[in-house]
Amino acid sequence: KMLRLLWVDMAGKHRCRAIPWEKTNATFKHGIGLTTSCMAFPSHVDVPVEADSSTGEVRILPDSEALR
């Protein structure tokens with residue numbers, strides 16, 4: 001069983017990450033990590049733009065009330 005997390009990136013594309021159900025509690029507490037450069041993906045390809053030099057990580061916290 002998996003927990004599917006969906007979000008919309010800065011280019012308006014839907015993104016998804018599947019988390020093993022056993023890690024659900026930790027995911028709701030700590031979130032999931034994404035590199036900041038993944039937010040710079042253009043809408044026509046899945047690679048960062050060449051001028052992007054961002055480094056680091058952002059955390060996405062799921063909304064437990066949206067769990068179905």
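Colour the chain by pLDDT to start, since this is a predicted model. Among the elements of the chain, helix H1 (residues 24–30) has the highest mean pLDDT, 91, and strand E4 (residues 57–60) has the lowest, 84. Over the chain the average is 80, and 74% of the residues score at least 70. Where pLDDT is low, the predicted coordinates should not be read in detail.

Switch to a cartoon view. One helix and four strands make up the secondary structure of the chain. Read from the N terminus, their order is β-β-α-β-β. The chain has 68 residues, of which 24% count as buried. Among contacts between residues at least 6 apart in sequence, 41% join residues at least 24 apart.

**First stop: E1 and E2**

Select strand E1, residues 2–8. In a regular strand the side chains alternate between the two faces of the sheet. Show the side chains of E1: Leu3, Leu5 and Trp7 point to one face and are buried. Met2, Arg4, Leu6 and Val8 point to the other face and are not buried.

Add strand E2, residues 14–20. E1 and E2 run antiparallel and are joined by seven bridges. Two of the pairs can be picked out by residue: Leu3 has Ile19 in E2 as its bridge partner, and Arg4 has Ala18. Then follow the chain from E1 to E2. The two strands form a hairpin with five residues between them. Stop at Gly12 in the turn, where phi is positive, at about 85°.

**Second stop: the helix**

Select Thr27, which is in helix H1. Is Thr27 buried or exposed? Its relative accessible area is 5%, so Thr27 counts as buried. Now display its surroundings. Leaving aside neighbours within four places in sequence, Thr27 is in contact with Leu5, Ile19, Ile32 and Pro62. Of these contacts, Leu5 belongs to the buried face of E1, and Ile19 is the bridge partner of Leu3. For a distance, pick Thr27 and Ile60: their C-alpha atoms are 9.2 Å apart, while in sequence the two are 33 residues apart.

**Third stop: E3 and E4**

Move to strand E3, residues 32–35. Here too the side chains alternate. Ile32 and Leu34 point to one face and are buried, whereas Gly33 and Thr35 point to the other and are not. Ile32 was met before as a contact of Thr27.

Add E4 to the selection. E3 and E4 pair in the antiparallel sense over four bridges. Within this pairing, Leu34 has Val58 in E4 as its bridge partner.

Next select Thr55, in the loop between E3 and E4. Thr55 counts as exposed because its relative accessibility is 71%, and the cut-off for exposed is over 50%. From C-alpha to C-alpha, Thr55 is 7.0 Å from Thr35, although the two are 20 residues apart in sequence.

**Last stop: the largest pocket**

Turn on a surface and look for the largest pocket, with a volume of about 480 Å³. Its lining has 17 residues, and the closest to its centre are Arg4, Leu5, Leu6, Ala66 and Leu67. Which strand gives the most to this lining? Strand E1 does, with six residues. Colour the lining by residue class to finish: 13 residues are nonpolar, four are charged and none is polar.

Note on methods:
Residues are numbered from 1 along each chain as its sequence is written. Side-chain values use heavy atoms; hydrogens and water are left out. On a 1 Å grid over the protein atoms alone, a cavity is a set of points where a 1.4 Å probe fits but cannot get out, and a pocket is an open set with protein on both sides within 12 Å along at least five of seven lines; lining residues have an atom within 4 Å of a point. Grid points are joined across faces, edges and corners, and a volume is the space filled by probe spheres set on the points. Ala, Val, Leu, Ile, Met, Phe, Trp, Tyr, Cys and Pro count as nonpolar, Asp, Glu, Lys and Arg as charged, and the others, Gly among them, as polar. Buried means under 20% relative accessible area, exposed over 50%, partly exposed in between (1.4 Å probe, protein chains only). Two strands pair if DSSP finds at least two bridges between them. pLDDT is the predictor's confidence in each residue, from 0 to 100. Contact means heavy atoms within 4.5 Å.
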